[in-house]
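Colleague: I am new to this structure and would like a close look at one part of it. Could you take me slowly through the enclosed space inside the model and whatever surrounds it?

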Amino acid sequence: MKILFAGGGTAGHINPALAIAGYVKQQQPQAEILYVGAKGGMEGKLVPKAGYAYQEIAISGFQRKLNWEGFKKNLRTLKLLVTSSAASKKIIRSFAPDICVGTGGYVSGPVLRAAAKLGVPIVIHEQNAYPGVTNKMLAKYASKVFLTVEDAKKYLPQGCPWVVTGNPVRAEFLTAQREEARKKLRLDTRPVILSFGGSLGARKINEAVADLIAWSAKEDRYQHIHAYGQYGKWFPQRLEEKGVRLAQHPNLDIREYIDDIADCFAAADLVICRAGAGTLSELQAQGRASILIPSPNVAENHQYHNAMALVRRQAASILEEKDLTGQRLISMVDEMVSHPDVLRAYQANAKKMAITDSSERIYRGICEVLSKK
């Protein structure tokens, strides 16, 4: 089996591809895998590090801002669409894959379109509840579209062959256990809140969480793990200004970045976070209640749609960033943690949404497409 993967731009597109590739190699060690990414994308570091052959093409996305700078960038994108198509065909002819797998991002477009034109079957994995522009365009050529949640099907072309597979998650999210994680993190029996806004940090989340911690620290009613991110290094000083001396509150674990995230998820009673597809799959795998604050700065507001897939199933609460204040967050946290039965219901409903064999389902789908070739 020879598989060509295309996807990139964000970890949300790259990690599923790597998880699928890893499962394929487990099942078929002789399988040949080539990953095509965008020049300058983070996939250029992550894919070779994972041990897969890697090639790249120059591609960019269209700018939505109607100004002179945006116009110039869009002209460049139009030129790249032509050259990226030729480069994609050259790679495909050379590698001669049996199937091409797209996981989203600008690079998926020219690669999978070229594959379809050359008669190579293509399949798509869509991580979000609202499919991206690239995947919606490619879906009409796809032999199969793998969906993380069924909510996405209504945005696909009519008659598109879709199947719900979930989103692959790292193995540690499937194995981390609550009591063991709490021992590792030296936590006691008080409720545990975990909050973060991504590796870079999200200013409005940091500001609201600072208010929440200042309020809760008056009685030390919670244990709180918070990651403020690369751009939130001001956060500890903000807590000091609000009268919170971290040295006097061992129940507060304030960090720039969380590198033991699976254990932190397992230990938490309530998670406050963005609504990226990967994060939500991890919440579901661990069966965790959450307050979701979708990023408003993403294409087609897809994090809102992701969050609503959980909210509609009573597996999470949503707090849109336009409504986010410290007082509003305090009120929601206090209401949820004060009612353990509500937390338990959210946790159970999140767990019901979990698909823990996602990579296997996608592998079976790939094999099914190849069997009809």
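**The cavity and its walls**

Modeller: The largest cavity is lined by Gln127, Asn128, Ala129, Thr148, Val149, Ala277, Leu280, Ser281, Gln284, Asn306, Ala309 and Leu310, where a cavity is a set of points on a 1 Å grid at which a 1.4 Å probe fits but cannot get out, and a lining residue has an atom within 4 Å of a point. This is a predicted model, in which local features need pLDDT of at least 70 and side-chain atom pairs count only at 80 or more, while totals for linings use all residues. Residues are numbered from 1 along each chain, and side-chain values use heavy atoms, without hydrogens or water.

The structure holds one cavity of 30 Å³ or more, and the space in the largest cavity comes to about 80 Å³. Two elements, α11 (277-286) and α12 (302-311), each give two or more residues to its lining, and the largest share, four residues, comes from α11.

Turning to α12, seven of its 10 residues are buried (under 20% relative accessible area), so this helix is largely enclosed by the rest of the structure. The buried residues of α12 are His302, Gln303, Asn306, Ala307, Met308, Ala309 and Leu310; of these, Asn306, Ala309 and Leu310 also appear in the cavity lining. As for what encloses the helix, its buried residues pack against α11, β12 (289-292), β13 (317-318) and α14 (340-353), with contact taken as heavy atoms within 4.5 Å. Thus α11, which gives the largest share of the lining, is also one of the elements that the buried residues of α12 pack against.

Definitions and conventions. On a 1 Å grid over the protein atoms alone, a cavity is a set of points where a 1.4 Å probe fits but cannot get out, and a pocket is an open set with protein on both sides within 12 Å along at least five of seven lines; lining residues have an atom within 4 Å of a point. Grid points are joined across faces, edges and corners, and a volume is the space filled by probe spheres set on the points. Buried means under 20% relative accessible area, exposed over 50%, partly exposed in between (1.4 Å probe, protein chains only).
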